[in-house]
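Thanks, everyone, for making the time this morning. I would like to walk through one model with you, beginning with a single pair of residues and working outwards from there.

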Protein chains: 2
Amino acid sequence: MSDEKIWPSRRGFLTGSLAAGTALAAGTVRAATPDPLITTVQPWASELGEPVDAVPYGMPIRFESHVVRRNVEWLTESPYSSINFTPIHALEGTITPQGCAFERHHSGAIELSKSDYRLMVNGLVERPLVFTFEDLMRFPRHVMTAFCECAANGGMEWGGAQLQGCQFTQGMIHNMEYTGVWLRDILAEAGLKPEARWIFAEGHDASSNGRSMPLEKALDDVMVAFFANGEALRKEHGYPVRLVVPGWEGNMWVKWLRRIGVYDRAVESREETSKYTDLMKDGRARKWTWVMDAKSVITSPSPQAPIRHGPGPLVITGLAWSGHGRIARVDVSVDGGNSWAPARLSGDVKPKALTRFHYDMTWDGSEMLIMSRAIDETGYVQPTKAQLREIRGLNNVYHNNAIQVWWVRANGEVENVEIA
Amino acid sequence: MSDEKIWPSRRGFLTGSLAAGTALAAGTVRAATPDPLITTVQPWASELGEPVDAVPYGMPIRFESHVVRRNVEWLTESPYSSINFTPIHALEGTITPQGCAFERHHSGAIELSKSDYRLMVNGLVERPLVFTFEDLMRFPRHVMTAFCECAANGGMEWGGAQLQGCQFTQGMIHNMEYTGVWLRDILAEAGLKPEARWIFAEGHDASSNGRSMPLEKALDDVMVAFFANGEALRKEHGYPVRLVVPGWEGNMWVKWLRRIGVYDRAVESREETSKYTDLMKDGRARKWTWVMDAKSVITSPSPQAPIRHGPGPLVITGLAWSGHGRIARVDVSVDGGNSWAPARLSGDVKPKALTRFHYDMTWDGSEMLIMSRAIDETGYVQPTKAQLREIRGLNNVYHNNAIQVWWVRANGEVENVEIA
């Protein structure tokens, strides 16, 4: 485990806090002014709660009703071809619950039953096949955790720090544990012809959202998934079947998977050429930029998650990920990048999956410029915004993996800012 | 990764199925009788689905409404001091979603806000302390996955195969990724006196559910947790704060954590002596049997998850776990224990956490007695029911970790049975 480091200022917690006059060591402080929450019997300690037959399937408690997906109305022309954002500022650990994981659809989230479901495999195969859902469940199943990031995550930042809130700035991402079957096993069942080089994946929804993918990736780690975080995929995540394409941009993860065509070349459909290409400084556009480079973001404190206490111990936390493999290290700076110190990587560090980091510090109560920097196992270092703009200019939309800067004010409020 | 084994009968999938006359290679079979789901445009392919602003926090799709917690009314006198069961027969992977993870309370699930929350630490400490929720969030946070199993899981099986359904028989278990702070860090803040040997943990609910725990465990891997599977604990799982006691029986995982008392001996409260002790054959009772021994169960096929297809490829899957560490191996038998073969361990194999196993076979369509056997990293082998009864008799309630047997009939239906 990488998070075994002992917290450095253990004994300073109590004494430091008292000296600073905070309510941290509450018992000691409150001994003089009794706390009715401690000294009197409260209703929850004297009345029955909810019985076990009350809620067959539970939802978050009402006090957490702010921890939800949110969309930005002006960002897209229609909410049917649009995106919303994961409340990453309020989450912890590495798993993203399906209920609040961001959605992106091109013609809305469709409702498709298992009995109505079919998967067709055709094109350059020996045996064109149609599978029912039950057929797919008879292939060997595997379990894999992977992050899914929209290529446009952080896209508004190309032109400057435009959105307040970690959720809106970097929330087009989620991380789930999937169970399904390898796409390569399904392709082997159909039998690839020697000239096969690409696949083209389509969804059952009206947009069909067709995407070309080199056969090399399709035969590597691409999963035809049925379950996420232990249960069936939710409707908005592609029930009953979606593609999981580890490390690659989210638009490749075709939902409500309808067809895998096998070809000798890329199809170059409208959506994979008119969009999801990277406009460069000189007006030309890069295409086939599928892999999501190493990136990280501090989720708390952040614009929607201000510091709600005074000086003393402060936990900085965030997420890091790389489409190229494992995260090797995350550095944190609290002085605008003048100095950096390594954060703890907490829990699992899996390839192509979100990694949680924590940085424990003593805050003196003055303002800070906080930022995180991911380094992945290939040695790649997350760049600054200036470094990215040097090559790609200001008019890009996709693949912004630049270091995100938050300005923490002395009152604990946090703002999205840029630094020179 | 331990699940890289290539499925042995790959090419037999198609040809074998066709020979057996099943609809497995559906495309080939259906070429003669066109499938309208393939040949005509369906509503979900021609109409808009749900927009991104429709569901801020999602629930499972209506087709999965059977995948819910269920309770057994006659099992307890009141639903306020009772238990329900995780639908493990319908889940996959390793994570249990909070929404359908089993609940056990002694006086109902209470609603307690973060602002009303307090944690008291007293007894044999240098500085008795009271923490607010915000105080606790200032300790260094850690991430850990752990299974939580009720000591009574499978308890009805002591007297015979009494309940139909994997959910009801073995569903008092869940597995989540927790984020919180080490209890040892909180105890260090209060300062343990030299004579401290035990802690006593109490909840905010009316039952208070007090539990004694040796200090050695409290200082080892016990977590004071705030988040599960990435988001805040749900109300029924102890919002805003619960204990996580890896590998130990579920009743120690005190929810709505109110107080940690430190003592030189065990408190021996009513609930930890009148219940949660193990009645032996000779009428005496064992106490302090906290660790959950290695165990496994096949979740599908199982009584609520029959085989819905004909002979040919069949996926057997299940869960294995050990309170003593990692699962080393899971064996599967399809002939009532005469012969065994190792299953694949899919995805992560973490200590004191659920491990998913898969066993891929070709079913000839005849009846089977299927069972799984877990072996943990200490070398301990999951026992048979007969072996357990030899020592403990038939009147026990707790700590049944015996091998579970399912009878698969030729029509695919599955029953809970005992074998001699």
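Let me start with Met144(B), whose bridge partner in S6(B) is Tyr178(B). Please keep in mind throughout that what you see is a predicted model. That pair belongs to a longer ladder, since strand S5 of chain B is joined to strand S6, residues 173–182 of chain B, by nine bridges, and the two strands run antiparallel.

Is S5(B), then, enclosed or not by the rest of the structure? Nine of the nine residues of this strand, residues 141–149, are buried, so S5(B) is largely enclosed by the rest of the structure. As a reminder, in a regular strand the side chains alternate between the two faces of the sheet. Here both faces are covered, with Arg141(B), Val143(B), Thr145(B), Phe147(B) and Glu149(B) buried on one side, and His142(B), Met144(B), Ala146(B) and Cys148(B) buried on the other.

Let me turn next to helix H6 of chain B, residues 183–190, where the buried residues are Leu183(B), Ile186(B), Leu187(B), Glu189(B) and Ala190(B). Looking down the axis of H6(B), we find these buried residues within an arc of 155°, so they line one face of the helix. After H6(B) comes Gly191(B), which has a positive phi, near 85°.

Moving to chain A, I would like to look at the domains. The chain is divided into domain 1 (12–45), domain 2 (94–286) and domain 3 (295–417), and the C-alpha centres of domains 2 and 3 of chain A lie 28 Å apart. Between these two, 28 residues of domain 2 of chain A are in contact with 33 residues of domain 3 of chain A. On the domain 2 side, strand S5 (141–149), helix H5 (166–170) and strand S13 (278–279) of chain A each supply at least two residues, and the largest share, four residues, comes from H5(A). By class, that side of domain 2 of chain A has 13 nonpolar, twelve polar and three charged residues.

Finally, how are the two chains related? A turn of 180° with a shift of 0.0 Å along the axis lays chain B on chain A with an RMSD of 0.0 Å, which is the relation of a two-fold axis. The same surface serves both copies, in that 100% of the contact residues of chain B recur in chain A. As for the interface itself, 108 residues of chain B are in contact with 108 residues of chain A, and the chain B side comprises 49 nonpolar, 28 polar and 31 charged residues.

Definitions and conventions:
Residues are numbered from 1 along each chain as its sequence is written. Chains are lettered from A and ligands numbered from 1 in the order in which they are written. This is a predicted model: local features need pLDDT of at least 70, side-chain atom pairs count only at pLDDT 80 or more; totals for chains, interfaces and linings use all residues. Copies are superposed by least squares on the C-alpha atoms of residues with pLDDT of at least 70 in both. Two residues are in contact if their C-beta atoms, placed from the backbone, lie within 7 Å. Ala, Val, Leu, Ile, Met, Phe, Trp, Tyr, Cys and Pro count as nonpolar, Asp, Glu, Lys and Arg as charged, and the others, Gly among them, as polar. A residue is buried if 20 or more other C-beta atoms lie within 10 Å of its own, exposed if 12 or fewer, and partly exposed in between; C-beta atoms are placed from the backbone. Two strands pair if DSSP finds at least two bridges between them. Domain bounds come from an automatic or database domain assignment. The arc is that of the directions from the helix axis to the C-beta atoms.
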